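Subject: Structure handover

Dear colleague,

Here is the structure for your files. Please look it over before reading my notes, which follow below.

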Amino acid sequence: RCLDPLLSIALGIASGRALRAMREVADRPRCPGPIRVVFLVQYLPAWNKIEPVHRAMLASEEFEPVIVCVPNDVRSRRGKHLDPRANETYAHLVSEGYEVINAVTEEGEWADLRVFNPDFVFHGRPYNNFMPACYRSGHVASYAQIGSIMYGASWTDNYVDVAFNGDYFKDVSIYFAEDGWNAQVFEDKFDKGVAQGLQEAVFAGSPVLEGLYARKAASDGAWEHFSAGGQRVLWTPRWSTDKRIGGSHFLEYRKWFRNYAERHPERSFIVRPHPLMFGNFVQTGEMSQVEVDDFRAWCAKTANVHLDESPEYLDTLAAADVLVMDTSSIVLEAFFTGNPIVYCVPDGIGVVPDYQPMADTFYEARSAEEVESALERLVQEDPAAIRSRHDAMIQLADKLAVGSTDRVLEGLKRRLRPEMCEKTEREDEPSLDTD
């Protein structure tokens, strides 16, 4: 892509500044002791991607992990008083039994991450615009190395444009890639930092897959809203119709879906849109708020339909019978449930080679009629298709899942270059109550 010359110059200056900050942090001696890692959790649907790493660190004497919970609606709070009680991320993880820090202090200020003296900081997703300035990558990289595990599966070849944004990744010291293709993309894109040993990509696989392979649902998830049996169909439309990032088929298929669900009262349907979808459609004018409210009301009054907007989705995925999906970052989790996937094919977007065995098992649909045809076929799926999907799951599990969490921990330990450590005790540091 051709960039405006001024923008190109600006990006070059920012990248150079980021590399100088990385060098200063890398050359700064650290005291011996556990490796301190801060996880900035904000977007709850992405937490499960990195939670296995946090769990492994808790079980290891070599790591000291801390979770700092950031409110999800930071942009709407800019210039306003911060209320520590209005932090849904914090409230949710506390309810799940985690020991966490509220990013909003009792004084209504952002907690300073430097009190933890972190060696590494992980953001939940690579988008600085969702974060307050003090937690953005450029600021954090001035005192800690940034580690990154992608918040969703990078399985389509457009992902380099969607997620590998220079604004964030220029500050990343170590990127734990799911596959070799994405590791190479990172090293090609940030070749100067890689050449200087300041940035690296580690082919780690996907930690979340270790716990998902052939996972059985712990509960029925959102399917608990239904008492009837029959085929369970889960539809997960994308948030934007922009074809460059995969495109959403919701607007195109919603009338068909309403008709199909009403024609099949013996089946159960859950619509689980991307969390940004309705808000984005209202903002772009593609839907009015009245239309959104009408769709919500229809879901609420239709006995065999449920609109699921809860933060947890793994059990709902696992307990479904069929998944109807746009291009999605949760496709790996969906695939590893073992359930068939009806894939609403986007135009002009290919599949990364490592994921082709998975994509080959999809039931491709390029129209609402083809979605319906696939659903009818899946009432009684061909056993040969089930065997092919199982074989592809084993192939991907061996490559992407087994040992991935250990590779992340080993990568962090290697990154610290222990020969540079001083034989001194850590200085006394402020502590924060986790209650």
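Helix H19, residues 404–415, lies across strands E1, E2, E4, E5, E6 and E7. Relative to E6, H19 runs at about 155 degrees. Please bear in mind that this is a predicted model.

A second helix, H2 (residues 47–58), lies across E1 (35–41), E2 (63–69), E4 (120–123) and E5 (145–149). The angle between H2 and E1 is about 155 degrees.

The strands under discussion belong to an open sheet of seven, ordered E3-E2-E1-E4-E5-E6-E7, with parallel pairing. At the edges are E3 (101–102) and E7 (200–203), each of which pairs on one side only. The partner of E7 is E6 (residues 172–177); these two strands pair in the parallel sense over four bridges. One residue pair in this stretch is alanine 177 with its bridge partner in E7, phenylalanine 203.

Three residues were looked at individually.

Asparagine 48 is located in helix H2. Its relative accessible area is 15%, so asparagine 48 is buried, the cut-off being under 20%. The side chain of asparagine 48 makes a polar contact with the side chain of lysine 49, at 3.1 Å. Leaving aside neighbours within four places in sequence, asparagine 48 is in contact with Val208, Tyr313, Leu314 and Glu333.

Asparagine 117 sits in the loop between E3 and E4. What is notable in its backbone is phi, which is near 45 degrees: a positive value in a residue other than glycine. Asparagine 117 counts as partly exposed because its relative accessibility is 33%, and that class covers values between the buried limit of 20% and the exposed limit of 50%.

Histidine 306 lies in strand E10, which spans residues 305–307. With a relative accessibility of 16%, histidine 306 therefore counts as buried. Not counting residues up to four places away in sequence, histidine 306 touches Ala222, His225 and Phe226, as well as Phe269, Ile270 and Val271.

To recap the three residues: asparagine 48 is buried, asparagine 117 is partly exposed and histidine 306 is buried.

Regards

Conventions:
Residues numbered from 1 in each chain as written. Predicted model: local features only at pLDDT ≥ 70, side-chain atom pairs only at ≥ 80, totals over all residues. Heavy atoms only, no water. Buried < 20%, exposed > 50% of the residue type's maximum accessible area, 1.4 Å probe, protein only. Contact = heavy atoms within 4.5 Å. Pairing = 2+ DSSP bridges. Axes fitted to C-alpha atoms, helices over the stretch in contact; angles between N-to-C directions. Polar contact = N/O pair within 3.5 Å; in protein donor to acceptor, adjacent residues only side chain to side chain.
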